[in-house]
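Hi,

Here is the structure I said I would pass on. Have a look at it first, and then read on for what turned up.

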Amino acid sequence: MKKCVRNGIFIIASAIVYSSASAGTGTATMTNTVTIANNCSISTLGFTTSYDPIVTNATANQTATASVTTTCTTGDNPVITLGQGANANTGSTNAVPLRRLSSGGGTPTYLNYGLFSDSGYTVTWGNTAATSPSAVTANGTPTAITIYASVPAGQISAIAATYTDTVVATVTF
(Lines give C-alpha, C1' and ligand atoms only; values in the text may rest on other atoms or scores of the structure.)
Protein backbone atom coordinates (compact mmCIF):
# COMPACT_ATOMS: atom_id res chain seq x y z
CA MET A 1 0.00 0.00 0.00
CA LYS A 2 1.27 3.42 -0.88
CA LYS A 3 0.46 6.61 1.05
CA CYS A 4 0.87 10.06 -0.38
CA VAL A 5 -0.23 13.56 0.65
CA ARG A 6 -1.06 16.08 -2.04
CA ASN A 7 -2.68 19.42 -1.53
CA GLY A 8 -3.82 18.35 1.88
CA ILE A 9 -5.63 15.35 0.56
CA PHE A 10 -4.54 12.08 1.81
CA ILE A 11 -4.56 9.49 -0.97
CA ILE A 12 -4.27 5.80 -0.36
CA ALA A 13 -3.55 3.59 -3.29
CA SER A 14 -3.38 -0.13 -3.19
CA ALA A 15 -3.01 -2.79 -5.74
CA ILE A 16 -4.83 -6.05 -5.68
CA VAL A 17 -3.39 -8.79 -7.83
CA TYR A 18 -5.38 -11.89 -8.79
CA SER A 19 -3.58 -14.93 -10.11
CA SER A 20 -5.00 -18.20 -11.42
CA ALA A 21 -1.57 -19.89 -11.31
CA SER A 22 -1.93 -20.83 -7.69
CA ALA A 23 -4.30 -23.88 -8.28
CA GLY A 24 -3.79 -26.80 -5.84
CA THR A 25 -3.06 -30.46 -6.65
CA GLY A 26 -3.76 -33.73 -4.87
CA THR A 27 -2.47 -37.27 -5.34
CA ALA A 28 -3.62 -40.77 -4.55
CA THR A 29 -2.11 -44.19 -5.13
CA MET A 30 -3.89 -46.92 -7.06
CA THR A 31 -3.34 -50.58 -6.20
CA ASN A 32 -3.84 -53.03 -9.08
CA THR A 33 -4.28 -56.77 -8.43
CA VAL A 34 -4.28 -59.80 -10.69
CA THR A 35 -5.04 -63.23 -9.26
CA ILE A 36 -3.97 -66.34 -11.16
CA ALA A 37 -6.10 -69.29 -10.20
CA ASN A 38 -4.82 -72.84 -10.32
CA ASN A 39 -6.04 -74.43 -13.53
CA CYS A 40 -5.33 -77.45 -15.71
CA SER A 41 -6.53 -78.77 -19.03
CA ILE A 42 -6.36 -82.43 -20.03
CA SER A 43 -6.55 -84.38 -23.28
CA THR A 44 -6.02 -88.02 -24.17
CA LEU A 45 -5.05 -90.20 -27.08
CA GLY A 46 -6.11 -93.84 -26.77
CA PHE A 47 -4.35 -96.88 -28.16
CA THR A 48 -5.20 -98.92 -31.25
CA THR A 49 -3.70 -102.34 -31.86
CA SER A 50 -4.54 -105.79 -33.19
CA TYR A 51 -4.76 -109.04 -31.23
CA ASP A 52 -4.29 -112.58 -32.51
CA PRO A 53 -5.30 -115.11 -29.82
CA ILE A 54 -4.45 -118.10 -32.06
CA VAL A 55 -0.84 -117.41 -33.13
CA THR A 56 0.90 -114.15 -32.13
CA ASN A 57 -0.87 -113.58 -28.83
CA ALA A 58 -1.42 -117.21 -27.87
CA THR A 59 1.54 -116.89 -25.48
CA ALA A 60 2.67 -113.24 -25.80
CA ASN A 61 0.88 -110.18 -24.45
CA GLN A 62 -0.07 -107.52 -26.98
CA THR A 63 1.28 -104.13 -25.89
CA ALA A 64 0.59 -100.61 -27.07
CA THR A 65 0.88 -97.05 -25.80
CA ALA A 66 -1.58 -94.24 -25.28
CA SER A 67 -1.05 -90.80 -23.78
CA VAL A 68 -2.55 -88.16 -21.56
CA THR A 69 -1.48 -84.52 -21.88
CA THR A 70 -2.00 -81.87 -19.24
CA THR A 71 -1.29 -78.16 -19.18
CA CYS A 72 -1.31 -76.81 -15.64
CA THR A 73 -0.61 -73.48 -13.99
CA THR A 74 2.95 -73.23 -12.70
CA GLY A 75 3.03 -74.33 -9.10
CA ASP A 76 0.02 -76.63 -9.35
CA ASN A 77 0.30 -80.13 -7.98
CA PRO A 78 -1.66 -82.14 -10.56
CA VAL A 79 -2.72 -85.75 -10.03
CA ILE A 80 -3.91 -87.73 -13.06
CA THR A 81 -6.17 -90.71 -12.54
CA LEU A 82 -7.68 -93.21 -14.99
CA GLY A 83 -11.15 -94.62 -14.33
CA GLN A 84 -12.05 -98.30 -14.33
CA GLY A 85 -13.57 -98.11 -17.82
CA ALA A 86 -17.09 -98.64 -19.11
CA ASN A 87 -16.76 -102.45 -19.09
CA ALA A 88 -15.03 -103.10 -15.76
CA ASN A 89 -15.09 -106.71 -14.60
CA THR A 90 -16.69 -107.90 -11.36
CA GLY A 91 -14.45 -107.07 -8.42
CA SER A 92 -12.90 -104.02 -10.09
CA THR A 93 -11.99 -101.14 -7.77
CA ASN A 94 -10.57 -97.68 -8.27
CA ALA A 95 -7.26 -98.83 -6.78
CA VAL A 96 -7.17 -102.11 -8.74
CA PRO A 97 -9.23 -101.67 -11.92
CA LEU A 98 -10.10 -104.81 -13.88
CA ARG A 99 -10.57 -103.26 -17.29
CA ARG A 100 -12.15 -104.97 -20.28
CA LEU A 101 -12.68 -104.13 -23.93
CA SER A 102 -16.13 -105.04 -25.23
CA SER A 103 -17.19 -106.38 -28.64
CA GLY A 104 -20.48 -104.52 -28.13
CA GLY A 105 -23.87 -105.70 -29.31
CA GLY A 106 -26.56 -107.58 -27.40
CA THR A 107 -24.28 -110.33 -26.07
CA PRO A 108 -20.78 -108.85 -25.96
CA THR A 109 -17.58 -110.74 -25.41
CA TYR A 110 -14.68 -109.15 -23.59
CA LEU A 111 -10.91 -108.86 -23.74
CA ASN A 112 -9.12 -108.13 -20.49
CA TYR A 113 -6.47 -105.41 -20.60
CA GLY A 114 -4.48 -103.19 -18.28
CA LEU A 115 -3.18 -99.64 -18.25
CA PHE A 116 0.17 -99.01 -16.60
CA SER A 117 2.36 -96.04 -15.70
CA ASP A 118 5.63 -97.86 -16.37
CA SER A 119 7.17 -99.46 -19.45
CA GLY A 120 7.62 -102.73 -17.54
CA TYR A 121 3.83 -103.06 -17.26
CA THR A 122 3.99 -103.62 -13.50
CA VAL A 123 2.42 -100.47 -11.96
CA THR A 124 -1.32 -100.38 -12.66
CA TRP A 125 -2.61 -96.85 -13.28
CA GLY A 126 -5.90 -96.61 -11.43
CA ASN A 127 -8.41 -94.07 -10.29
CA THR A 128 -6.69 -93.04 -7.04
CA ALA A 129 -3.90 -90.59 -6.22
CA ALA A 130 -1.81 -93.51 -4.92
CA THR A 131 -1.86 -95.18 -8.37
CA SER A 132 -1.20 -91.99 -10.32
CA PRO A 133 2.28 -91.35 -11.73
CA SER A 134 4.20 -89.06 -9.40
CA ALA A 135 6.10 -87.02 -12.00
CA VAL A 136 3.49 -84.67 -13.44
CA THR A 137 4.96 -81.33 -14.49
CA ALA A 138 3.10 -78.09 -13.84
CA ASN A 139 4.89 -75.30 -15.69
CA GLY A 140 2.21 -73.82 -17.94
CA THR A 141 3.22 -75.87 -20.99
CA PRO A 142 1.68 -79.11 -22.31
CA THR A 143 3.16 -82.21 -20.69
CA ALA A 144 2.50 -85.59 -22.32
CA ILE A 145 2.65 -88.74 -20.21
CA THR A 146 2.79 -92.19 -21.77
CA ILE A 147 0.22 -94.78 -20.76
CA TYR A 148 1.38 -98.35 -21.32
CA ALA A 149 -1.38 -100.76 -22.35
CA SER A 150 -1.24 -104.54 -22.32
CA VAL A 151 -3.76 -107.12 -23.53
CA PRO A 152 -2.83 -110.43 -21.86
CA ALA A 153 -2.01 -113.45 -24.03
CA GLY A 154 -4.24 -116.47 -24.52
CA GLN A 155 -7.72 -114.93 -24.51
CA ILE A 156 -9.02 -117.55 -26.97
CA SER A 157 -12.71 -117.09 -26.20
CA ALA A 158 -12.71 -113.71 -27.94
CA ILE A 159 -14.69 -113.59 -31.18
CA ALA A 160 -13.50 -111.77 -34.29
CA ALA A 161 -14.73 -108.19 -33.74
CA THR A 162 -13.55 -104.68 -32.90
CA TYR A 163 -13.32 -104.25 -29.14
CA THR A 164 -13.55 -100.88 -27.38
CA ASP A 165 -13.63 -99.40 -23.92
CA THR A 166 -14.00 -95.85 -22.64
CA VAL A 167 -11.81 -94.75 -19.75
CA VAL A 168 -12.20 -91.35 -18.11
CA ALA A 169 -8.93 -89.52 -17.43
CA THR A 170 -9.14 -86.91 -14.67
CA VAL A 171 -6.65 -84.27 -13.57
CA THR A 172 -7.09 -82.99 -10.02
CA PHE A 173 -5.15 -79.88 -9.03
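Of the 173 residues in the protein chain, 31% are buried. Keep in mind as you go through this that the model is a predicted one. The accessible surface of the chain is about 11300 Å², with 54% of that belonging to carbon and sulfur atoms.

As for secondary structure, the chain has 9 strands and 0 helices, so written out from the N terminus the order is simply β-β-β-β-β-β-β-β-β. If you take the contacts between residues at least 6 apart in sequence, 71% of them join residues at least 24 apart. Several of the residues below give you concrete cases of such pairings.

Let me start with the pocket. The largest pocket comes to a volume of about 650 Å³. Its lining is made of 30 residues, and those nearest the centre are Phe47, Leu101, Tyr163, Thr164 and Asp165. Which elements give two or more residues to that lining? They are β3, β4, β7 (110-116) and β8 (143-151). The element that gives the most is β7, with 3 residues.

Two of those central residues come up again with glycine 85. This glycine sits in the loop between β5 (79-82) and β6 (99-102). Its contacts, leaving out anything up to four places away in sequence, are Asp165, Thr166 and Val167. Thr164 is 79 residues away from glycine 85 along the chain, and their C-alpha atoms are 10.0 Å apart. Is glycine 85 buried, partly exposed or exposed? It is partly exposed, because its relative accessible area is 24%, which falls between the 20% and 50% limits.

Now to strand β8, where two residues are worth clicking on. One is tyrosine 148, which belongs to β8. Its C-alpha lies 6.4 Å from that of alanine 66, with the two positions 82 residues apart in sequence numbering. Setting aside neighbours within four places, tyrosine 148 has a contact list that runs through Ala64 and Thr65, then Gly114, Leu115, Phe116, Ser117, Asp118 and Ser119, and ends with Tyr121.

The other is serine 150, also in β8. Serine 150 counts as buried because its relative accessibility is 7%, under the 20% limit. From its C-alpha to that of glycine 114 is 5.3 Å, for a sequence separation of 36 residues. Beyond four places in sequence, serine 150 is in contact with Asn61, Gln62 and Thr63, and also with Tyr113, Gly114, Phe116 and Tyr121.

Tyrosine 121 is on the contact lists of both tyrosine 148 and serine 150. You will find tyrosine 121 in the loop between β7 and β8. What may catch your eye is its backbone: phi is positive, at about 55 degrees, although this residue is not a glycine. Tyrosine 121 is classed as partly exposed because its relative accessibility is 24%.

Last stop is the loop between β3 (40-45) and β4 (62-72), which holds valine 55 and asparagine 57. Which of the two is buried and which is exposed? Valine 55 is the exposed one, since its relative accessible area is 59%, over the 50% limit. Asparagine 57, on the other hand, is buried, as its relative accessibility is just 2%.

Valine 55 is also part of a nonpolar surface patch of about 350 Å², together with Ile54 and Ile156. Asparagine 57 is paired across the sequence with glycine 154: the two are 97 residues apart along the chain, yet 6.2 Å apart from C-alpha to C-alpha. The contacts of asparagine 57 outside its four-place neighbourhood are Ser50, Tyr51, Asp52, Gln62, Ala153 and Gly154.

That is what I have on this one. Shout if anything looks odd when you load it.

Cheers

Note on methods: Residues are numbered from 1 along each chain as its sequence is written. This is a predicted model: local features need pLDDT of at least 70, side-chain atom pairs count only at pLDDT 80 or more; totals for chains, interfaces and linings use all residues. Side-chain values use heavy atoms; hydrogens and water are left out. Patches are made of residues with over 30% relative accessible area and no salt bridge: like charges are joined within 9 Å, nonpolar side chains (Val, Leu, Ile, Met, Phe, Trp, Tyr) within 5 Å. Accessible areas come from the Shrake-Rupley method with a 1.4 Å probe; for residues, only the protein chains shown count as cover. A salt bridge is a side-chain nitrogen of Lys or Arg within 4 Å of a carboxyl oxygen of Asp or Glu. Helices (H or I, at least four residues) and strands (E, at least two) are DSSP runs, numbered from the N terminus. Buried means under 20% relative accessible area, exposed over 50%, partly exposed in between (1.4 Å probe, protein chains only). Contact means heavy atoms within 4.5 Å. On a 1 Å grid over the protein atoms alone, a cavity is a set of points where a 1.4 Å probe fits but cannot get out, and a pocket is an open set with protein on both sides within 12 Å along at least five of seven lines; lining residues have an atom within 4 Å of a point. Grid points are joined across faces, edges and corners, and a volume is the space filled by probe spheres set on the points.
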